Amino acid sequence: MVELRLLGPVEIETDEGLPLALGAGRIRTVAAVLISEVNQAVTVQRLIDLAWDGEPPARARGVVHNHVHRLRQLLDGHAELVTRGQGYVLIADPAAVDSHRFRSLVSAARDADPRAAVAMLRRALGLWRGEALADVPGDRVRRTLGVGLAQARVAALQELGAKLLLLGRYGELVTELTAWTAEHPLHEELAALLMRALQANGRQAEALDHYHRTRRHLKEQLGIDPGPALGAAYLEVLGRGPAVPPPSAAVRQPAGPPPPGPYAEGPRPSAPPRVAQLPPAVVDFCGRARELAVLEQHLDRVPRPHCLVLAGGGGTGKTSLAVQWAHRLTAEFPDGQLFVDLRGFERPPMRAGTALSAFLRALGVPEAAIPDSVPERAALYRSLLAGRRMLVVLDNAGTAEQTRPLLPATPGCLAVVTSRRRLSGLVVRDGAVLVGVGPLTPGDALRLLANALGPQRIEADKPAARELVRWCDGLPLALRIAAARLMAHPEWPLGWWTRKLADERRRLQELSAHDADLAVEASLYLTYRALSSGAARLFRVLGLHPGPRVGELDAAALAGRDVARTRRHLAELCDAHLLEEQPQGHYVRPELVRLYAAQRAVAEETRSDRDLAVRRLLDQVARLRPARG
């Protein structure tokens, strides 16, 4: 069945999984309107009005006819586009349209039990690939077709949030809503839902921080105070009754001299309580002998480093390694362990001040005694750790600036930081030690699969298991997703599913856990969107290069930029672990990264720009062929 997609860039995909080349411009508008009103007649005049925002040129009717003719050619053998009266009808199964499937799933979820409803709503929201009609030119068509879809998307997320709250799955909900409230900072119902989820997840400080941030946005951009929904959520987080009205401004201490000590009220406690915030270690953790040996060596050094950075690409298992090692060290740090997910590559990332507030609360500081400014919070935090032996795990850090206020200063403490970037600023300025975390060795990867699937299943078809490791690039996230798929289907031959992964067009799609927000593609997307615009474009056009190894001159040719600028962007891609630098100006990348780059190139670069980049590359190769020969 042909796939017709509006929930993101407009796309048409054939039964064989091949995307049709729609090109750019108003042909996408014509396609979007016909898809949105599938099996219904759309007049030429309506197409003209939507395509040119009500101000068409004299030749608009002819242009529309040409676009329809082109669409007929593209759809030939896949769907039917017929003339009817004064317009056209796209004849197709409504279930082929992603927006139709989205609405059907949301409707079915209303009558389902909470667990089934969550699965349906996740499937519905998973159909979205960005803003509806993202690449369609013209404001009128996006207002006419896109606004209703966007509102339905928000309503579906609210429904999902209500179900997840009911089921007590607070962590999942926080992850969902953090990204959504970043896109919709003025949406009070979503903000209220996020506050309740954070509160239920034991993150009261972040909930209050989000309230005050939303209140400021409303005041600065709309000139209004929070409405009843947000005000009620604020009072719930504070633990007050609903009859108490929310304050219109942040509570301040009365004028006069401050109380003694760093606390705003009350005496300083004699000692902070012992905390043990480490998440559970992965039960079937295996491998990483080299990395663990390196970490132990640094721990045995005199003087010890106060900060270790575990840096590697998304999905390499940095958090699992850090938590596993941290559990082994509990006896070394008898005063406790602090842990925080800084969400450095999500939008928005956690602020250092919010993390400090959570740490201070865990260390026994009353909410009212937490200072307002980040430097004051950091000073109080360091004071409480002074003379103690504590382990601080700062997971998923985005930048050195986000991490630095959370580093302990006392020699008896150790900070373990994980990041997709190398965080060179911590190494250069703060004396941190960098430990690289790459793919698993082939032997460790096979052991991971054997732990999940049983050694008998691996031994029964070891060549297929080795192929599976190869297609997953030895990436723990990809291997665990593959193992989860195979565990759900014990009747699947290992070789059969491995052959599915051999198809480059399907590999990223197959390496996703359909009932959770886990996918190799999603992990790569978080890294990709944190790149600068220049590095992101270079990453995309590198997807047009067919091999795993790319020279800097070839990269410059693909990008159409000078070598000096290209080198800076290549360095940024290496820092994000999307490339690995080799001697003599060459760079290598894993297959999954190459496939994702190619996917981004098709999605974000026009056909003409892609063709031009390839021509530049071929010209570059032709010029250097004698030298390379």
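The following exercises, each with a worked solution, concern the predicted model shown above.

Residues are numbered from 1 along each chain as its sequence is written. Because the model is predicted, local features need pLDDT of at least 70 and side-chain atom pairs count only at pLDDT 80 or more, while totals for chains, interfaces and linings use all residues; side-chain values use heavy atoms, with hydrogens and water left out.

**Exercise 1. Cysteines**

Determine how many disulfides the structure contains, and explain the result for Cys307 and Cys413.

Step 1. A disulfide is a pair of cysteine sulfur atoms within 2.5 Å. A search of the whole structure under this criterion yields zero disulfides.

Step 2. For Cys307, the closest cysteine sulfur is that of Cys413, at 12 Å, which is too far for a bond. Taken from the other side, Cys413 has its closest cysteine sulfur in Cys307, again at 12 Å and too far for a bond.

Step 3. The surroundings can then be classified by relative accessible area: buried means under 20%, exposed over 50%, and partly exposed in between (1.4 Å probe, protein chains only). Cys307 is buried at 0% relative accessibility, and Cys413 is buried at 2%.

**Exercise 2. Nonpolar cores**

Identify the largest nonpolar core, and state which helix contributes its largest share.

Step 1. A nonpolar core is a set of buried Ala, Val, Leu, Ile, Met, Phe, Trp, Tyr and Cys residues joined through side-chain atoms within 4.5 Å. In general, nonpolar side chains in soluble globular proteins tend to be buried together.

Step 2. The largest core has 81 residues, and those with the most contacts inside it are Leu4, Leu90, Phe102 and Leu133. Its largest share, nine residues, comes from helix α6 (residues 139–167). Helices (H or I, at least four residues) and strands (E, at least two) are DSSP runs, numbered from the N terminus.

Step 3. Contact means heavy atoms within 4.5 Å. Leaving aside residues up to four places away in sequence, the residues that Phe102 touches include Leu7, Leu125, Trp128, Ala152 and Ala156.

Step 4. A second, separate core has 57 residues, among them Leu486, Leu538, Ala576 and Ala613.

**Exercise 3. Helix packing around α25**

Describe how α25 is oriented towards α24 and towards α26, and name the residues in contact.

Step 1. Axes are lines fitted to C-alpha atoms, for helices over the stretch in contact, and angles run from 0 to 180 degrees between N-to-C directions. Angles under 35 degrees count as roughly parallel, over 145 as roughly antiparallel, 65 to 115 as roughly perpendicular and the rest as oblique.

Step 2. The axes of α24 (residues 533–542) and α25 come within 9 Å and cross at roughly 100 degrees; the two helices are therefore roughly perpendicular. On the α24 side, Arg537, Leu538, Val541 and Leu542 meet Ala555, Leu558 and Ala559 of α25.

Step 3. For residue classes, Ala, Val, Leu, Ile, Met, Phe, Trp, Tyr, Cys and Pro count as nonpolar, Asp, Glu, Lys and Arg as charged, and the others, Gly among them, as polar. The contact of α24 with α25 has six nonpolar, no polar and one charged residues.

Step 4. The axes of α25 (residues 552–559) and α26 (residues 563–575) also come within 9 Å, crossing at roughly 105 degrees. This pair is therefore roughly perpendicular as well. Glu552, Leu553, Ala555 and Ala556 of α25 contact Val563, Thr566, Arg567 and Leu570 of α26. By class, this contact of α25 with α26 has five nonpolar, one polar and two charged residues.

**Exercise 4. Loop residues**

Is Arg420 buried or exposed, and which residues does Arg420 touch?

Step 1. Arg420 lies in the loop between β10 (414–419) and α16 (424–430). At 11% relative accessibility, Arg420 is buried.

Step 2. Not counting residues up to four places away in sequence, Arg420 touches residues including Gly312, Lys318, Phe345, Asn396, Ser523, Asp575 and His577.

Step 3. Leu423 is placed in the loop between β10 and α16. Its phi is near 50 degrees, a positive value in a residue other than glycine, and Leu423 is buried at 5%.

Step 4. His577, one of the residues touched by Arg420, is found in the loop between α26 and β15 (580–582). The phi of His577 is near 65 degrees, a positive value in a residue other than glycine. With a relative accessible area of 24%, His577 is partly exposed.
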